[in-house]
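Visitor: Hi, could you walk me through this one? I'd like to start with the metals and then wander a bit.

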Amino acid sequence: MAFSKHVNLGLSMPVCTLYNMNGKGSREMKMTLSVIKADIGSIGGHIAPSRKVLDTVLTHVQNDGKGLVIDSYISYTGDDIAILMTHTHGPLNEAIHKLAWEAFLAGTQVAKEQGLYGAGQDLLKDAFTGNVKGMGPAVAELEIEERPNEPFLFFAADKTDPGAYNLPLYLAFADPMNTPGLILSPPMSKGFKFVIMDVSYTEGNRIIELDAPEELYGIAALLRDPERFVVESIWSRQTGDQAVAVSTTRLHNIAGKYTGKDDPVMLVRVQQNFPATGEIVAPFAVGHYVGGGMRGSHQMPLMPVVLNSGTSYFDGPPMVSCAAFSVKQGKLTEVMDVFAHPFWNTVRDNVACKAIEMRRQGFFGAAMLPFTELEYTGITEKLNELDARFVVRK
Ligand code: F6R
Ligand code: MG
Ligand code: MG
């Protein structure tokens, strides 16, 4: 299964009005990186989107994004399609979100025509209302003042939820055992601010801001519970710049019922004032257990995979891909597939062993998610039925 397409829209941004003649970004000029992803249907169950659906999404972004988007890149991870766009319109921009929403609608139409499974499954609302937050697709956006050289990483995970990034982000931004830069590099010595969301709260965005390293134990105490507390963003305390944006959607909070796992995307700026690329990706060698896998209801290890990988074992395993780019005045370089390096083959083998080991205990104990996180109602119904038959022995 190999689909890799780097789309360079070749649009002529009004360079002279936005940039100085020496090519450095002007102070007012800000670039936005937006990634919007959705599951709009797959071949053979939940394996991967079809080539035709991907082409439809891509063509839509290419045609309708003219004059709006500077550059874009379309990819898939498991059954999810992600649209990465660069532009100057800021986060939650209506035109940018509408472009992605309509691209997914066009793709859904094709998915239906092809009889793909779960066609349009993440498009939970009928009418577009300003931005796609709360409509089903996952969104992560970073508004940045481009450095003279601007490397960043785009992560996409499938068959899991946003809490899957808690452990890697904690290790990368708060633990010098993983990130020597925290003690070696003066621009990082003040540490990072973690913005953490309570995703079980449905009335609005309930968040807390905690500073590493001073409030490390508070950060750890929250991130320990990845189904409830999720890193939403991370900021440099030295410069105030945002380093990380994570999608924090909870699909079952929107739909009121199971519609698939939340399959999070994440953008991370790297190098200089931020951890190095290698420090950011190192924690993924752990292959930590995350919520997800079959029926969104299990604990399975997270496998780092190459770009454009489908699912397989046990509707998973939960997987994460990492696309590395440099960007200049909104133009993306070609993509580097971080987890394609031979190093990750051993990690993948280890994760496969961990997955098989966990599956040996089926639904017992730690193998299945706690009661409150089960994505199907079968157990609840069964327990209610049995509850009536319990007696207290005299
Ligand atoms: C997980 C996922 C799958 C399905 C499973 C059953 O995110 O999407 O594991 O839950 O394949 O799907 P249905 O109930 O649609 O047959
Ligand atoms: Mg998915
Ligand atoms: Mg799916």
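Guide: Happy to; we'll go through the metal sites, salt bridges, the pocket and the surface.

Visitor: Anything I should know about the set-up beforehand?

Guide: This is a predicted model, where local features need pLDDT of at least 70, side-chain atom pairs count only at pLDDT 80 or more, and totals for chains, interfaces and linings use all residues. Residues are numbered from 1 along each chain as its sequence is written, chains are lettered from A and ligands numbered from 1 in the order in which they are written, and side-chain values use heavy atoms, with hydrogens and water left out.

Visitor: Great. Which residues coordinate the magnesium ion (ligand 3)?

Guide: Asp39 and Asp79 do, each through OD, at 2.0 to 2.3 Å. Donors here are N, O and S atoms within 2.8 Å of the metal (3.2 Å for Na, K and Ca), and water is not among the atoms, so sites may look incomplete.

Visitor: Where do Asp39 and Asp79 lie?

Guide: Asp39 is in the loop between β1 (31-38) and α2 (51-64), and Asp79 is in the loop between β2 (71-77) and β3 (80-87), so the pair ties together parts that are 40 residues apart in sequence. Helices (H or I, at least four residues) and strands (E, at least two) are DSSP runs, numbered from the N terminus.

Visitor: Are Asp39 and Asp79 buried or exposed?

Guide: Both Asp39 and Asp79 are buried. Buried means under 20% relative accessible area, exposed over 50%, and partly exposed in between (1.4 Å probe, protein chains only).

Visitor: And which protein donors does the magnesium ion (ligand 2) have?

Guide: Asp79, Asp80, Asp158 and Asp263 coordinate the magnesium ion (ligand 2) through OD atoms, with Asp80 listed twice, at 2.0 to 2.7 Å. Their spacing in sequence reads D-D-x77-D-x104-D. Asp80 is in strand β3 and Asp158 in strand β5 (residues 150-158), so that pair ties together parts that are 78 residues apart in sequence. Asp80 and Asp158 are buried.

Visitor: How far apart are the magnesium ion (ligand 2) and the magnesium ion (ligand 3)?

Guide: They are 3.7 Å apart, and Asp79 coordinates both.

Visitor: Switching topic: how many salt bridges does a search of the whole structure find?

Guide: It finds 14 salt bridges, each being a side-chain nitrogen of Lys or Arg within 4 Å of a carboxyl oxygen of Asp or Glu. Asp80 turns up again here, in a salt-bridge network with Lys37 and Asp122.

Visitor: What about Arg206, what does it form a salt bridge with?

Guide: Arg206 pairs with Asp198, and their closest N and O atoms are 2.7 Å apart. Arg206 is partly exposed at 44% relative accessible area, while Asp198 is buried at 4%.

Visitor: Which residue pairs with Asp211?

Guide: Asp211 forms a salt bridge with Arg237, with the closest N and O atoms 3.7 Å apart. The pair links distant parts of the chain, with Asp211 in strand β7 (residues 207-212) and Arg237 in the loop between β8 and β9, 26 residues apart. Both count as partly exposed, Asp211 at 23% relative accessibility and Arg237 at 27%.

Visitor: Now pockets. What volume does the largest pocket have?

Guide: About 650 Å³. On a 1 Å grid over the protein atoms alone, a pocket is an open set of points where a 1.4 Å probe fits, with protein on both sides within 12 Å along at least five of seven lines, and lining residues have an atom within 4 Å of a point. Points are joined across faces, edges and corners, and the volume is the space filled by probe spheres set on them.

Visitor: Which residues are closest to its centre?

Guide: Of the 30 residues lining the largest pocket, the closest to its centre are Lys133, Met197, Asn205, Glu232 and Thr248.

Visitor: Which element gives the most to the lining?

Guide: β4 does, with four residues. β4 (138-144), β6 (192-198), β8 (229-236), β9 (242-246) and α7 (251-255) each supply at least two.

Visitor: And on the outside, what makes the nonpolar surface patch?

Guide: Phe371, Ile379, Leu383, Leu386 and Phe390 make a nonpolar patch of about 500 Å². Patch residues have over 30% relative accessible area and no salt bridge, with nonpolar side chains (Val, Leu, Ile, Met, Phe, Trp, Tyr) joined within 5 Å and like charges within 9 Å. Areas come from the Shrake-Rupley method with a 1.4 Å probe, and for residues only the protein chains shown count as cover. Leu386 lies in helix α10 (residues 378-387) and is partly exposed, at 32%.

Visitor: Last one: how many residues of helix α4 are buried?

Guide: Seven of the nine residues in α4 (residues 166-174) are buried, including Pro168, Leu171 and Phe173.
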